[in-house]
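Me: I would like a close look at a single part of this model, with the surrounding contacts brought in where they help. Please take the answer step by step and state each criterion as it comes up.

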Amino acid sequence: MILDGKAPTGPIENSWDKHRFDMKLVNPSNKRKYKILVVGTGLAGGAGAATLGELGYNVDAFCYQDSARRAHSIAAQGGINAAKAYPNDGDSIRRLFYDTIKGGDFRAREADVWRLSQVSNNIIDQCVAQGVPFARDYAGYLDNRSFGGAQVSRTFFARGQTGQQLLLGAYAALARQQKAGTVKLHPRTEMLDLVVVDGVAKGITVRNLITGEIESHWGDAVVLASGGYVNVFYLSTNAMGCSVTATWRAAKKGAFFANPCYTQIHPTCIPQHGDKQSKLTLMSESLRNDGRCWVPKKAEDCEKHPKDVPEEDRDYYLERKYPSFGNLAPRDIASRAAKEQCDDERGVGPGKRGVYLDFKTAIDRVGVDTIKERYGNLFEMYEKITDEDGYERPMRIYPAPHYAMGGLWVDYHLMSNIPGLFVAGEANFSVHGANRLGASALMQGLADGYFVLPYTVSNYLAGITPGAVKDDHPEFKRSVEEVQAQISKLLKINGKRTVGELHRELGKVMWEDVGMARSDASLNHALKRIPEIRDEFWNNVKITGEANELNQQLENAGRLADFLEFAEILTKDALHREESCGGHFRVEHQTDDGEAMRDDENFTYVAAWEFKGAGNEPELHKEPLRFENIKLAVRSYK
Amino acid sequence: MNLTLHVWRQKGPKAKGKLETYQATNVSEDESFLEMLDEVNEELIKAGKDPIAFDHDCREGICGMCSQVINGKPHGGQERTTVCQLHMRSFADGDEIFIEPWRAKAFPVQKDLIADRSTLETIMQAGGFTSCHTGGVPDGNALLVPKPVADYAMDAAECIGCGACVAGCPNSSAMLYTSAKVAQLAVLPQGKGEAKARVKSMTDALLDEGFGNCTNHYECQDACPKGINVKFIAKLNREYIKSLV
């Protein structure tokens, strides 16, 4: 099937303004008749739930944590982009649009990216009004920094905790609506099924994580804002509870999964320390503004103390390979370059999977106090984990899975192919193409939540009768029974392997075969291994405890079961995409000097996969991408 | 290293709990405290026993989910450190470690080390926000906030809402938690308009939810993994008095 993204036509500068006018509205006195379900309370879900509640709809919001404030948006450190152009350095909506399309390696939809760039400015104003303590100068004006491969200073930040502060802003807006009674929050509740009635999304089935009770909720529209899926790699920078479950269960009900192979590997993470490690920790890539990446030129120097490697024997590989962007090269490029050095036996630290990030030059230039002011909390975090002082000795970093550009397919309205099912934030595929730029995830989450969903969900609701289907419909009962059956099945296996062991095993395959460099052979190897691990899981997993109680093993088992199906689609997408673009690097498709080679003629499309059951071939649907405002060009940072 | 753990086990909110003893063996000093517990749990599962339930999520010290009293100290007592950022190199071979949940009337235990902290949510809903609408707000630079004021607000805003201040306080007071939000919004021009109503409704909620009052022990500041200063409690008190006149 050829998918239509329903992007507006005509001049792109006016596309969102015109479209907003064209969309239908719901009369204020009718809004209270509609109910909207929002799954996830991070930036997209929290902002969306609060805003829809404020408009007058009845909103039920769900999160698996004990509070909406704990969603993993909170961990974003560096900042949020906006085209305010306060520093007068040549920024504009068009430039942010251009940078995002180019940064995404020409695999995103133009109209969506334009809208994002346009509303970026409203986001900053909104957050300021909420009391988000952005960095300011002594006169009181908002401060900016340059970030993640941008040549203008368009990033707003709140120390190294920008995600936290923005989330607390959305959380406060949500608290205000909870008090007003428009939003009802269901914490410690996990979505386990999407209820579809006659092809339309009409509700969800959830598990109360405290009591184990399975219950259904009806809604006139369902919004999934459940985040990304890179815990499919087991070790990642995501929180332990992040999973593909909400989006995957929707995919099992017919929602198409778009571009799952676009995963982002973040270059500045703390290297793995051992086999028992449960997660990887990211340090803001703002560190690359002042840190210089290097490895020894000679493999025999790798074991030496970095101070004993003389300047002429160091390879500042990013500065060498990309003289104009240097250490600020975008994430996918910087990650791949680090891997190349380590594959060349010149990595440092345990297992030689690490590169140095050295602040000596910056400290000599601006003094240690300035560096402390800029990155103090990151140095502190680094020292806690590694027991090393980053001011005295270069930090060691290595890339780690961090963000999913892929997600459920949505049209310009953020609506999936299932009418009534909206998908926002990291959970959808829309604006980052094949690679996300730094400080753009926060921007997208809040854009979707505050400024897109309120319009597009209203437009959808205006065309349907409120409460036409409620939870007395037989589909709800069926959904509850299906969920209960799966839980019983899991608890009955009573095998010998733990969920943790099997997740590690899957993660190892995904990281080695479907990680930073993918080949036909490695992907086929993964496609052989994933079903084996899935069979092992369904025959030999051991989960203690019962269904009707707080049971964290059972929660993890359900999430792993979904990863074990989803991993196969991710790998098949990577195998089918015979080109290298952004975070997707196929070793068969590179230039002589190792740069990614896109194939625009054959692959300028969104790959949206329809799940046909575990072990069956998924069906590929394509949405062709058209570039009318920006010329397709080779993405060069040299 | 090898350690002996004494862990609070409690089947459910109404069940009686007690300390159970477990051995943690071959622990690496590079592991985090929670990774050490993961390993203990793996062994328990393989032995067909119920693993220790504990709250955790981001494991990088920012989500505020993890919440354990270790050897009598919330988060283990290391300065500016959450449980998830506590590493095993702070312990020695042969150590005995006592692990308990947050203990407060306002935080009933749900299972093992997991406490119900929804009372903290109620305090925030009572007024921890500015009543701005989405859209229709002025330009971000229309409200000038000089750096010292922005920094003061940010110092307060760093609170991760974990509840260690409550667990550390002999009165089980949530005053540090409440004051951080009151102070942040009281100094910013965006929040000033509602400052009087906010401090009143938030402190009312604090008392209604079963938290104690503040009697200046400063244990909260000691327990806080983000270094939130008790000066914000003084600020809350000043705001409270101002609200009465």
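How much area is buried between domain 1 of chain B and domain 2 of chain B, and what share of it do carbon and sulfur atoms give?

Reply: This is a predicted model, in which local features need pLDDT of at least 70 and side-chain atom pairs count only at pLDDT 80 or more, whereas totals for chains, interfaces and linings use all residues. Residues are numbered from 1 along each chain as its sequence is written, chains are lettered from A and ligands numbered from 1 in the order in which they are written, and side-chain values use heavy atoms, with hydrogens and water left out.

Between domain 1 of chain B and domain 2 of chain B, about 1500 Å² is buried, and carbon and sulfur atoms give 57% of that area; buried area here is the accessible area (1.4 Å probe) that two parts lose on being put together, summed over both. On the side of domain 1 of chain B, Arg80(B), Ala106(B) and Phe107(B) supply 35% of the area buried against domain 2 of chain B, which is more than any other three residues.

The two parts themselves are domain 1, covering 3–111, and domain 2, covering 117–244, with bounds that come from an automatic or database domain assignment. Taken over C-alpha atoms, the centres of these two domains of chain B are separated by 29 Å, and their contact (heavy atoms within 4.5 Å) takes 20 residues from domain 1 of chain B and 22 residues from domain 2 of chain B.

Turning to individual interactions, two salt bridges are counted between domain 1 of chain B and domain 2 of chain B, where a salt bridge is a side-chain nitrogen of Lys or Arg within 4 Å of a carboxyl oxygen of Asp or Glu. Asp55(B) forms a salt bridge with Arg117(B), with the closest N and O atoms 3.6 Å apart. Asp55(B) also has a salt bridge with Arg188(A), at 2.8 Å from N to O, and this pair brings chain A into the picture. Across the interface of the two domains of chain B there are, in addition, six residue pairs in polar contact, both residues being at pLDDT 80 or more. A polar contact is a pair of N or O atoms within 3.5 Å; within protein, one must be able to donate a hydrogen and the other to accept it, and residues adjacent in sequence count only if both atoms are side-chain atoms.

The interface between the chains can be described in the same terms. Chain A and chain B bury about 6600 Å² between them, with 49% of it on carbon and sulfur atoms, and Arg70(A), Lys276(A) and Lys384(A) supply 11% of the area that chain A buries against chain B, more than any other three residues. This contact takes 76 residues from chain A and 78 residues from chain B. The count across it is 14 salt bridges, together with 55 residue pairs in polar contact, both at pLDDT 80 or more.

Chain A offers a second domain pair to set beside that of chain B. Its assignment gives domain 1 (268–400) and domain 2 (474–604), and the contact takes 13 residues from domain 1 of chain A and eleven residues from domain 2 of chain A. The C-alpha centres of these two domains of chain A lie 30 Å apart. The area buried between them is about 810 Å², of which carbon and sulfur atoms give 53%; in domain 1 of chain A, the residues that lose the most area to domain 2 of chain A are Asp332(A), Arg336(A) and Lys339(A), together 52% of what that side buries. Between domain 1 of chain A and domain 2 of chain A the count is zero salt bridges, while four residue pairs are in polar contact, both at pLDDT 80 or more.
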